[in-house]
Amino acid sequence: MTRKIFLYILIIFLSTQALKANQILVPMDEEQSNHLKAYGVAFWVLEKEIPVDWLLNYRGGSFMIESKQSIVNELIIRGVSYEIISDAVANNMLDEIASPSSNKDAMRLDKVPKIAVYSPKSKQPWDDAVTLVLTYAEIPYDVIFDDEIMTEGLSDYDWLHLHHEDFTGQYGKFYRSYANQPWYIEQQKEYEAMAKKHGFRKVSQLKLAITHKIRSFVNKGGFLFAMCSATDTYDIALSAAGVDLAARMYDGDPADPDAQEKLDYEQTLAFEDFKLEMNPLEYEYSNIDQNQIDRPGIKEGNDFFTLFEFSAKWDPIPTMLTQNHEKLVKGFMGQTTAYKKKLIKPDVVILGENSSINEARYIHGIFGDGFWTFYGGHDPEDYQHFVGEPPTDLNLHPNSPGYRLILNNILFPAAKKKKKKT
């Protein structure tokens, strides 16, 4: 064996041994080149049955993983920044994080959450921020809809996402603007056929059954994440069980004129004391949502919300959900943009708000053995996304703070530590 070959083998051996004795730190502060794909790598590592330490409030919520060449290769392939640190440095870091004087914590992730997205199987003329970011981050998910939920298919999943769905059976209240559009006509036919298939006379009755099955899923320990109009219409549907909210153009008969008086706010997850918008041509469901009149002077250039900072050791849930490299996040609109704080139940945790106009953008709560999170707005990187516009290209937004909040919710069910309520 020549000296050159011997040295080559020795270098490989020493490198391998050093790698075994080291840790990989995936920073999530401004040093990270691709925050969104970093979550995908963390998910990929969990799929390999390798635990991940989520370092809460440490450099933007960084990840620490046992150093393996396969993981380094994956980080390089996906363009995710990382650092190799020695075990000694890692232990000192963990000691610092564990200090009672430090508002940090190490959350062990050791489970791969099985993810479902509630969405029609047919094409819709708008995108979905969650499926966009899951696809970009290369995190696997299944698309399910009414058939799967009505046949108890939710029991196969840990995490469920709802986006831009109308659980009141009013087809998004798009009638005035889109009633003659082919996609609207086709969606109405599809939904009516689905209701009939499952033994319901009206779409609103099927959607009510769906809301109850989802609530049961959460009650038994599931994780629910919803955005845009899925948030308020979900609670409205729960509060209006057995009450006809839909006008004739939506279900063939008039709405109940006493619908407002029949609401039961005890049934909702997040909101109470709200007033319904009964005009069938008004593009709004209730006064839960902040309309433009409620947001004087707010426009794209000055629309921001602030993330709260929580105690990592005592409030790990909201701390996980608010991990970010920026605490001031750009606002973005949707059919449901934000929530009036006065209509949020007192036991709900507000994660992000614009206090100057008394609106919450990002809220969280516990129901039974499970958890739910509502996030106002449609697309964190498209301020006012219109029907028919092309989807956002996340290659242009790899460090999006708004999209990071979605991915925090994806990893949340993987946490091992006993969860505490704020």
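# Why these labels apply

Me: Y171 is placed in the loop between strand 8 (159-163) and helix 7 (175-178), in a model that is predicted. Why is Y171 called buried?

Reply: The word buried is kept for residues under 20% relative accessible area. Y171 has a relative accessible area of 4%, so the label buried applies to Y171.

Me: What makes the phi of Y171 worth pointing out?

Reply: Most residues other than glycine have a negative phi. Y171 is not a glycine, and yet its phi is positive, at about 50 degrees.

Me: Which other residue that is not glycine has a positive phi, and where is it found?

Reply: C228 has a phi near 55 degrees, again a positive value in a residue other than glycine, and C228 is found in the loop between strand 9 (223-227) and helix 10 (229-239). Its relative accessible area is 0%, which is under 20%, so C228 counts as buried.

Me: How do you know that the length of helix 4 (residues 87-98) agrees with what is expected of a helix?

Reply: The expected span is 1.5 Å times one less than the number of residues. For the 12 residues of helix 4 this comes to 16 Å, and the C-alpha atoms at the two ends are 16 Å apart, so the two values agree.

Me: Which residues of helix 4 are buried, and how do you know that they line one face of the helix?

Reply: The buried residues of helix 4 are A90, M93 and I97. When helix 4 is seen down its axis, these buried residues fall within an arc of 60 degrees, and therefore they line one face of the helix. The general rule behind such a pattern is that an α-helix has 3.6 residues a turn, so residues three or four places apart point the same way.

Me: What lies on the other side of helix 4, and what covers its buried residues?

Reply: On the other side of helix 4, N92, D95 and A98 are exposed. The cover over the buried residues of helix 4 includes strand 1 (22-26), strand 2 (52-56), strand 3 (62-66), strand 4 (83-86) and strand 5 (105-109).

Me: Why is the pair of E83 and R59 called a salt bridge?

Reply: The term asks for a side-chain nitrogen of Lys or Arg within 4 Å of a carboxyl oxygen of Asp or Glu. The closest N and O atoms of E83 and R59 are 3.2 Å apart, so the pair meets that limit. E83 lies in strand 4 and R59 in the loop between strand 2 and strand 3, so the salt bridge ties together parts that are 24 residues apart in sequence.

Me: Why are E83 and R59 called partly exposed?

Reply: Partly exposed covers what lies between buried, under 20%, and exposed, over 50%. E83 has a relative accessible area of 29% and R59 has 24%, so both fall in that middle class.

Me: What makes K202 part of a network of salt bridges?

Reply: K202 forms a salt bridge with D244, the closest N and O atoms being 2.8 Å apart. K202 lies in the loop between helix 8 (182-197) and helix 9 (203-219) and D244 in the loop between helix 10 and helix 11 (248-251), so this pair ties together parts that are 42 residues apart in sequence. D253 also forms a salt bridge with K202, with closest N and O atoms 2.8 Å apart. D253 lies in the loop between helix 11 and strand 10 (304-307), so its pairing with K202 ties together parts that are 51 residues apart in sequence. Through salt bridges that share partners, K202, D244, D251 and D253 are joined into one network.

Me: Why are K202 and D253 called buried?

Reply: K202 has a relative accessibility of 7% and D253 has a relative accessible area of 19%, and each value is under 20%, so both count as buried.

Me: Where is D128, and what makes it buried?

Reply: D128 is in the loop between strand 6 (115-118) and helix 5 (129-137), and its relative accessible area of 12% is under 20%, so D128 is buried. Its side chain reaches the backbone nitrogen of V130 at 2.9 Å, and, leaving aside neighbours within four places in sequence, D128 is in contact with V117, H161 and H163.

How values were computed. Residues are numbered from 1 along each chain as its sequence is written. This is a predicted model: local features need pLDDT of at least 70, side-chain atom pairs count only at pLDDT 80 or more; totals for chains, interfaces and linings use all residues. Side-chain values use heavy atoms; hydrogens and water are left out. Helices (H or I, at least four residues) and strands (E, at least two) are DSSP runs, numbered from the N terminus. Buried means under 20% relative accessible area, exposed over 50%, partly exposed in between (1.4 Å probe, protein chains only). The arc is that of the directions from the helix axis to the C-beta atoms. Contact means heavy atoms within 4.5 Å. A polar contact is a pair of N or O atoms within 3.5 Å; within protein, one must be able to donate a hydrogen and the other to accept it, and residues adjacent in sequence count only if both atoms are side-chain atoms.
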